[in-house]
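Here are my notes on the fold, set out as numbered points for you to follow alongside the sequence and the model. Please read them with the structure open.

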Amino acid sequence: MSRIRILDPAVADRIAAGEVVERPASVVKELLENALDAHARSVVIEVEGAGLQLIRVTDDGEGIAEEDVTVAFERFATSKIATLDDLHRMRSYGFRGEALPSIAAVAQVVLTTRQPGAPAAVRVVVVGGRVQSVEGYGAPPGTTVEVRRLFHTTPARLKFLKSPAREQALIADTVLKATLAAPEVTFRLAFDGREPTVWPAASLAERVAAALGVRSPGELIEVHAAVPGGTVRGWVHHPQRSRPTRSAQYVLVNGRPVQHAGLRRAVEQGCAQLVPTGRFPAFVLFLDVTPALVDVNVHPRKLEVRLRDEGRLVGAVAGAVRSALLASPLVRQATAAPLPAGSGGVVTSWQELSTQPAPGSTASLDLAVREGVDAYLGTGGPRLPPLRPLGQVLLTYIVAEGPDGLYLVDQHAAHERVLFERLRGARARGDLPRQVLAVPLPVEVSPADLHLITGARDVLAALGYEVEPFGPHTALLRAVPALAAAARYEDLLRRVLAALADDGEGEEPLDRLAIATACHAAIRAGDRLTPDTMGALLADLATTDDPFTCFHGRPTIVAIPRAQLERWFLRT
């Protein structure tokens, strides 16, 4: 090993720059944060060559004092903090003092700034991290930072960048997050001299609607609740408008856009069984808590935060989301035209391109999330209007009349929901009835299944199953849940064992067991139902906590409002 030495300042500066300036979007993020910290009310972002030729950010904020402009390009120079204690009550965006020197180490930078009341602006040119000139200049109050020839001093960095379209998408996503953090600010973003995209100053709800690509906040479900140490507020798009990716998921903690797998997981768990498997809810979540509960100094680019008492916080967020959703009308509405293929709603191209799926949260956080959701279950009272069954379509869908139109009910999905909630409720009360078989049933299984039965005997018993190994290749089934008494027992046991072995969807073993039981015991597509059976099923569905979807997130019921029927028949 060679001798330890102090790095040359130029080398150290470029290493530090690599931590902060990963790509053009990193530059845009840092400059936007500086503009917002300067209390700007208008910010213009101009980009050429996907940010490699030019990034220009102009704001009308407070500007920088003339005597501070060169200091701003020194490492660890900042006006945001003075003592260590300030890190525990951060409300500004920037604080490390690394943005401008890091950018200047890998690009050519021209900063023009003027404070209100100053006789003139001052213009600073920095090349290769070194100040080249400082002079008076004519410019309005505010600050303009021009960044040219990004990474010209570190050309190896260029090969790690994505395509120009992808880099532009990341810049657009960065600006979008800033618009959510500061709805009172007007933003303009222009690429290569084209007509700019404008976000005029608006209410927070209007900004969220624009970010999620919906026409108005009325299409969103609002979440607002107290959590330990603060409040959570957010908007979730209707589960009917779920997306194929996590691209339209935004989390802000104390006004700072961040990546936080636990909070994302909390919202997704709050939407569990309301969104189809393999699709994701679109949402914007604002968590505002005492600054002492947030450590913002855990990531070089300030992209992540650490929460104190994280389990309680994310559990409360999950419960708040669940409560808001279950208090909202979630009946799927029939539309005159289908949604675009492959889309759960309106998504702009840069949203589809940005943000990779978040990593899963830790087991302890998952438990806290589940407890938070469970705390809000049980809303009480019918969740559907009174429905009168008219008949079946294709021996699969119940046709019913309601006070405001026509309803189609998937008989299998609806019965799955009813049975699943009965199992869950009986399990929670500890009074789950079971059916003891008059003659125990031997079932041929694999050696792996026998090991599974032995290891999961308590889980099986908790849901009403009594089964035990009976020889090297046989299991003996002695009892099943009473609600599955009419099922084919051999098929039921195989379904249950498969569910216990497969943890792909991440549910707890008891939940997987309940889902498998309910799915196998439910009325099936193709079953002919009597009017009394249809009426009883609709009545049972109306009293469930979530009558709108089965546990796979598929809709149980679709409404065709009277107004839609009248449009179809040209009566309006």
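1. A definition comes before the pairings: two strands pair if DSSP finds at least two bridges between them. Helices (H or I, at least four residues) and strands (E, at least two) are DSSP runs that are numbered from the N terminus. By that pairing rule, strand β16 (residues 332-333) and strand β23 (residues 557-561) are parallel partners joined over two bridges, and Q333 has A559 in β23 as its bridge partner. On strand β19 (residues 405-410), β23 has an antiparallel partner, with five bridges between them, and here L406 stands opposite I560.

2. On the source of the coordinates, this is a predicted model, in which local features need pLDDT of at least 70 and side-chain atom pairs count only at pLDDT 80 or more, while totals for chains, interfaces and linings use all residues. Residues are numbered from 1 along each chain as its sequence is written, and side-chain values use heavy atoms, with hydrogens and water left out.

3. For the chain as a whole, the secondary structure comes to 16 helices and 23 strands. Of its 572 residues, 50% are buried, where buried means under 20% relative accessible area, exposed means over 50% and partly exposed lies in between (1.4 Å probe, protein chains only). Taking a contact as heavy atoms within 4.5 Å, and counting contacts in the chain with a separation of 6 or more, residues 24 or more positions apart account for 71% of them.

4. One open sheet has eight strands in the order β5-β4-β3-β6-β2-β1-β7-β8, and its pairing is mixed. At the edges stand β5 (130-137) and β8 (197-199), each with a single partner strand, so one side of each has no neighbour in the sheet. From one strand to the next the twist averages 10°. Angles of this kind run from 0 to 180 degrees between N-to-C directions, and axes are lines fitted to C-alpha atoms, for helices over the stretch in contact.

5. Within that sheet, strand β1 (residues 42-48) is joined by six bridges to strand β7 (residues 186-191), the two running parallel, and I45 stands opposite L189 in β7. Six bridges also join β1 to strand β2 (residues 54-59), but these two run antiparallel, with L54 in β2 as the bridge partner of E48. The hairpin of β1 and β2 has five residues between the strands, and G49 in this hairpin takes a positive phi near 60°. The covered face of β1 consists of V43, I45 and V47, whereas S42, V44, E46 and E48 make up the uncovered one.

6. What does β2 pair with over six bridges in the antiparallel sense, apart from the hairpin described above? The partner is strand β6 (residues 142-148), where V147 stands opposite I55. Helix α2 (residues 24-37) packs on this sheet and touches β1, β2, β6 and β7, its direction making about 10° with that of β2.

7. Another open sheet, of five strands with mixed pairing, has the order β9-β10-β13-β11-β12. Its edge strands are β9 (220-227) and β12 (256-258), each of which pairs on one side only. Neighbouring strands are turned against each other by 20° on average, direction ignored. Eight bridges link β9 to strand β10 (residues 230-237) in the antiparallel sense, and H224 stands opposite R233 in β10. Helix α7 packs on the sheet, touching β9, β10 and β13, and its direction makes about 140° with that of β9.

8. The packing of helix α6 (residues 261-270) against helix α7 (residues 310-326) has an angle of about 30°, and their axes are 8 Å apart. The two are therefore roughly parallel to each other, a label for angles under 35 degrees, with over 145 counting as roughly antiparallel, 65 to 115 as roughly perpendicular and the rest as oblique. The contact involves G262, L263, A266, V267, Q269 and G270 of α6, together with V314, V317, A318, V321, R322 and L325 of α7. These residues divide into eight nonpolar, three polar and one charged, with Ala, Val, Leu, Ile, Met, Phe, Trp, Tyr, Cys and Pro counted as nonpolar, Asp, Glu, Lys and Arg as charged, and the others, Gly among them, as polar.

9. Is α6 enclosed or open? Eight of the 10 residues of α6 are buried, so this helix is largely enclosed by the rest of the structure. The buried residues of α6 are G262, L263, R264, A266, V267, E268, Q269 and G270.
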